[in-house]
Amino acid sequence: MGTPPDENRREELRDRYKRAETEARTAGLPLSREQLTALVEFVDALVIEEGCDHTLRHTLRWVGEQSLAPDPIVAALEELGGFCDCEVVMNCDPEDVFG
Ligand SMILES: [Zn+2]
């Protein structure tokens with residue numbers, strides 16, 4: 001027993017902070033990491049192929065193909081900075097979102 005060294009304590013706090021941050025970011029996201037990964041890959045391919053027309057049309061195509069409710073997904077993606085397809089690719093990377 002005894003007081004843990006400061007370094008361990010700092011690391012523990014940092015881990016806890018990171019976890020809380022990830023939880024806050026993903027709390028409103030109605031997609032799992034696997035789903036977000038699939039979505040970003042799908043949209044990325046279509047943005048490369050067809051470009052981004054400043055809407056979420058590719059995103060919504062994927063959402064429709066998955067038979068998911070679009071509104072909560074769009075709201076969550078916008079929360080992450082994904083207001084159009086190319087922004088979804090840039091700002092909604094599952095590595096960043098889920099840590
Ligand atoms: Zn765009």
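These notebook entries record what I looked up around the zinc ion, Asp85 and Trp62 in a predicted model.

**Entry 1, zinc site.** I began with the protein donors of the zinc ion, which are the SG atoms of Cys52, Cys84 and Cys86, and I noted that they lie 2.2 to 2.3 Å from the metal. Reading along the sequence, I wrote the spacing of these donor residues as C-x31-C-x1-C. I then placed two of the donors among the helices: Cys52 sits in the loop that joins helix H2 (33–50) to helix H3 (57–65), while Cys84 sits in the loop between helix H4 (70–79) and helix H5 (85–91), so this pair ties together parts that are 32 residues apart in sequence.

**Entry 2, burial and sulfur pairs.** I looked up the accessibility of two donors and found Cys84 buried, at a relative accessible area of 6%, whereas Cys86 is partly exposed, at 25%. I also searched the whole structure for disulfides, and the count came back as zero.

**Entry 3, Asp85.** I turned next to Asp85, a residue of helix H5. What is the nearest side chain of opposite charge to Asp85? I found that it is Arg57, 4.9 Å away, and I recorded that Asp85 is buried yet has no salt bridge; the cut-off that matters here is 4 Å between a side-chain nitrogen of Lys or Arg and a carboxyl oxygen of Asp or Glu. I then asked which polar partners the side chain of Asp85 does have, and noted a polar contact with the side chain of Thr59 at 2.8 Å, as well as a distance of 3.2 Å from one of its polar atoms to the backbone nitrogen of Arg57. Setting aside neighbours within four places in sequence, I listed the contacts of Asp85, which include the zinc donor Cys52 along with Val43, Val47, Thr55, Leu56 and His58.

**Entry 4, Trp62.** My last stop was Trp62, which is found in helix H3. Is Trp62 buried or exposed? At 4% relative accessibility I entered Trp62 as buried. Not counting residues up to four places away in sequence, I found that Trp62 touches Leu31, Gln35, Ala38, Leu39, Phe42 and Leu68; of these, I marked Gln35, Ala38, Leu39 and Phe42 as falling within the range of helix H2 (33–50). As a final distance I took Trp62 to Asn91, which are 29 residues apart in sequence and 17 Å apart in space, C-alpha to C-alpha.

Conventions
Residues are numbered from 1 along each chain as its sequence is written. This is a predicted model: local features need pLDDT of at least 70, side-chain atom pairs count only at pLDDT 80 or more; totals for chains, interfaces and linings use all residues. Side-chain values use heavy atoms; hydrogens and water are left out. Donors are N, O and S atoms within 2.8 Å of the metal (3.2 Å for Na, K and Ca); water is not among the atoms, so sites may look incomplete. Buried means under 20% relative accessible area, exposed over 50%, partly exposed in between (1.4 Å probe, protein chains only). A disulfide is a pair of cysteine sulfur atoms within 2.5 Å. Lys and Arg count as positive and Asp and Glu as negative; His and the chain ends are not counted. A polar contact is a pair of N or O atoms within 3.5 Å; within protein, one must be able to donate a hydrogen and the other to accept it, and residues adjacent in sequence count only if both atoms are side-chain atoms. Contact means heavy atoms within 4.5 Å.
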